[in-house]
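Student: Could you take a close look at one part of this protein with me? I would like to see how its inside is put together, and then how the rest fits around that.

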Amino acid sequence: MFTEERRLAALEEMGVLDTPPDERVDRVARLAKEMFGVPMVSVSLVDRDRQWRKSQIGLGATEAPREDSFCDYTVRQNRMVVVEDASAAEEFADNPFVAGDPHLRFYAGHPLYAPGGEPVGTLCVIDTQPRDFTESQSALLRDLAGWVQAELTRDDELDHAAIIQRALEPKRLPRVPGLEIAAAAVARGHLSGDFYDLMPREGALRLTLADAMGKGAGPAIVAAGVRAALRTAPERGIAAAMAGADRLVEEDLGDTGMFVTAVHADIDTRTGAIDLVDAGHGLGLVVRADGTWEHLRSAGLPLGMGAGDVAEREPVRTVLGPGDCFACSSDGLLDVLDPEAPFAQFAQIVGEHGPEGAVRAVVGLARDAKASDDITVLVVRRTA
């Protein structure tokens, strides 16, 4: 059984009180008005001394006193409450909202719950005329309340997930002698299926950029698992690390059709040598100081497609000279580049702007209306 303090704490934790209107919630309120044919609808959250309306139709104000309110009664009862004619109901006939303005007669309200199960508000339909309310209408109100509840809690859950995902990103770009590093990730929604990772090692920098198929929570969870797998036992070579991540995705998610494209590389800070394993990604470039550029990729299937053998993840090698850049992005960048020559445009951006400028330019492109996917970019230039 919940206590009032626990209920209020749960309401506060939802972070919904006094937030701007939400079209998703408003849409359900409009639908309720049309389906029940009532003049008034409210999505109310019952605070300590007030009922605050996240959405309302026909009631005028966004909040009202909690005392004597039908919504408070519904929350305290913790069940659907239907009053077909309040003037004829002993417990409501003297209610100030019945005896006075707005002279309510009909009320049907269903509780809305916090993620922990505490009743924090109601979806209610209201009229100034008495009404009959059938079992099928009760079921419909229950379903609509569930919809509203999902909308109210979705952002909270996604925000928590987004915070956790951001916490997994490098807190700051490492300072590695001889290298200039820039990187950024822009999620199309709350969560991203892309990630980049940077691990300084003795005389080297290990870097990763990966892209789980799709957008949203599912790919974000998969991406977190791949990141963890590649970080495990950092003393392993890049081919062995990729093979281990491949087995993880294949064993756990092989029957879902999920796959991950990835680039995993070591850059030797003393010699500029770069060894790279490419698992179906194909978006790694070396942009030379003289403006020329080349693809840098090995022939490998994406993670999760059954190519887990180390022998099938043979690295390719090249050397970065002073002023040369290694650049890689997720495939979301292709949506906003010249479709006729996307790699040439990416190379030109890197060559003209350098690591930090190129990343800023890509982030700007990610805000373009044409961007339909998460975009992550990583650029490393050898400076000495």
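Student: Which residues have the most contacts inside the largest nonpolar core?

Tutor: Happy to walk through it with you! Keep in mind that this is a predicted model. The largest nonpolar core has 30 residues, and those with the most contacts inside it are Phe36, Val41, Leu45, Leu123, Val125, Val148 and Leu152. Several elements give two or more residues to this core: the helices α1 (4-14), α2 (23-36) and α5 (135-168), along with the strands β1 (40-46), β2 (50-57), β5 (106-113) and β6 (119-127). As a general background, nonpolar side chains in soluble globular proteins tend to be buried together.

Let's pick out Leu152 from that list. Leaving aside its neighbours within four places in sequence, Leu152 is in contact with Met14, Val16, Val25, Val43, Leu45, Lys54 and Leu112. Apart from this core lies another one, of 22 residues, among them Cys325, Leu333, Ile375 and Val379.

Now for the setting. The protein has 8 helices and 16 strands, and 51% of its 384 residues count as buried. Take the contacts between residues at least 6 apart in sequence: 67% of them join residues at least 24 apart. On the outside, the protein exposes about 17400 Å², and carbon and sulfur atoms supply 51% of that area.

One helix deserves a stop of its own. A straight helix of 25 residues would span 36 Å, but helix α8 (residues 342-366) spans only 14 Å between its end C-alpha atoms. If you follow α8 along, you will find a bend of about 125° at Gly354, and a proline, Pro355, follows within four residues. Many of its residues are buried, including Phe346, Ile349, Val350, Gly354, Pro355, Val359 and Val362. The buried residues of α8 pack against five strands: β7 (179-186), β12 (284-287), β13 (293-295), β15 (325-329) and β16 (375-382).

Next, look at a few single residues in strands and loops. Tyr196 sits in strand β8 (residues 194-201). Its relative accessible area is 8%, so Tyr196 is buried. Tyr196 and Ala210 are 14 residues apart in sequence, and their C-alpha atoms are 6.5 Å apart in space. Beyond its neighbours within four places in sequence, Tyr196 is in contact with Pro170, Leu173, Ala183, Ala184, Ala185, Thr208, Leu209 and Thr376.

Thr318 belongs to strand β14 (residues 316-319). Thr318 counts as buried because its relative accessibility is 13%, where the cut-off for buried is under 20%. Its side chain makes a polar contact of 3.2 Å with the side chain of Arg288. Arg288 is also one of the contacts of Thr318 outside its neighbours within four places in sequence, and the others are Gly272, Ala273, Ile274, Val286, Glu294 and Leu296.

Loops can hold buried residues too, as two cases here show. Thr269 lies in the loop between β10 (260-268) and β11 (273-279), and its relative accessible area of 17% makes it buried. Not counting residues up to four places away in sequence, Thr269 touches Val176, Pro177, Leu179, Gly203, Ala204 and Leu205. Met258, in the loop between α7 (238-253) and β10, counts as buried at 15% relative accessibility. Met258 and Pro302 are 44 residues apart in sequence, with 9.9 Å between their C-alpha atoms.

Finally, here are some backbone details to look for. Most residues other than glycine have a negative phi, and most peptide bonds are trans. Asp101 and Pro102 are joined by a cis peptide bond, with omega about 10°. Pro102 is in the loop between α4 (96-99) and β5, and His103 is found in that loop between α4 and β5 as well. His103 has a positive phi near 60° and, at 39% relative accessibility, counts as partly exposed. Asn78 has a positive phi too, of about 60°, although it is not a glycine. You can find Asn78 in the loop between α3 (70-77) and β4 (81-83), and with a relative accessible area of 30% Asn78 is partly exposed.

Definitions and conventions. Residues are numbered from 1 along each chain as its sequence is written. This is a predicted model: local features need pLDDT of at least 70, side-chain atom pairs count only at pLDDT 80 or more; totals for chains, interfaces and linings use all residues. Side-chain values use heavy atoms; hydrogens and water are left out. The expected span of a helix is 1.5 Å times one less than its number of residues. The bend at a residue is the angle between axes fitted to the seven residues ending there and the seven starting there. Buried means under 20% relative accessible area, exposed over 50%, partly exposed in between (1.4 Å probe, protein chains only). Contact means heavy atoms within 4.5 Å. Accessible areas come from the Shrake-Rupley method with a 1.4 Å probe; for residues, only the protein chains shown count as cover. A nonpolar core is a set of buried Ala, Val, Leu, Ile, Met, Phe, Trp, Tyr and Cys residues joined through side-chain atoms within 4.5 Å. A polar contact is a pair of N or O atoms within 3.5 Å; within protein, one must be able to donate a hydrogen and the other to accept it, and residues adjacent in sequence count only if both atoms are side-chain atoms.
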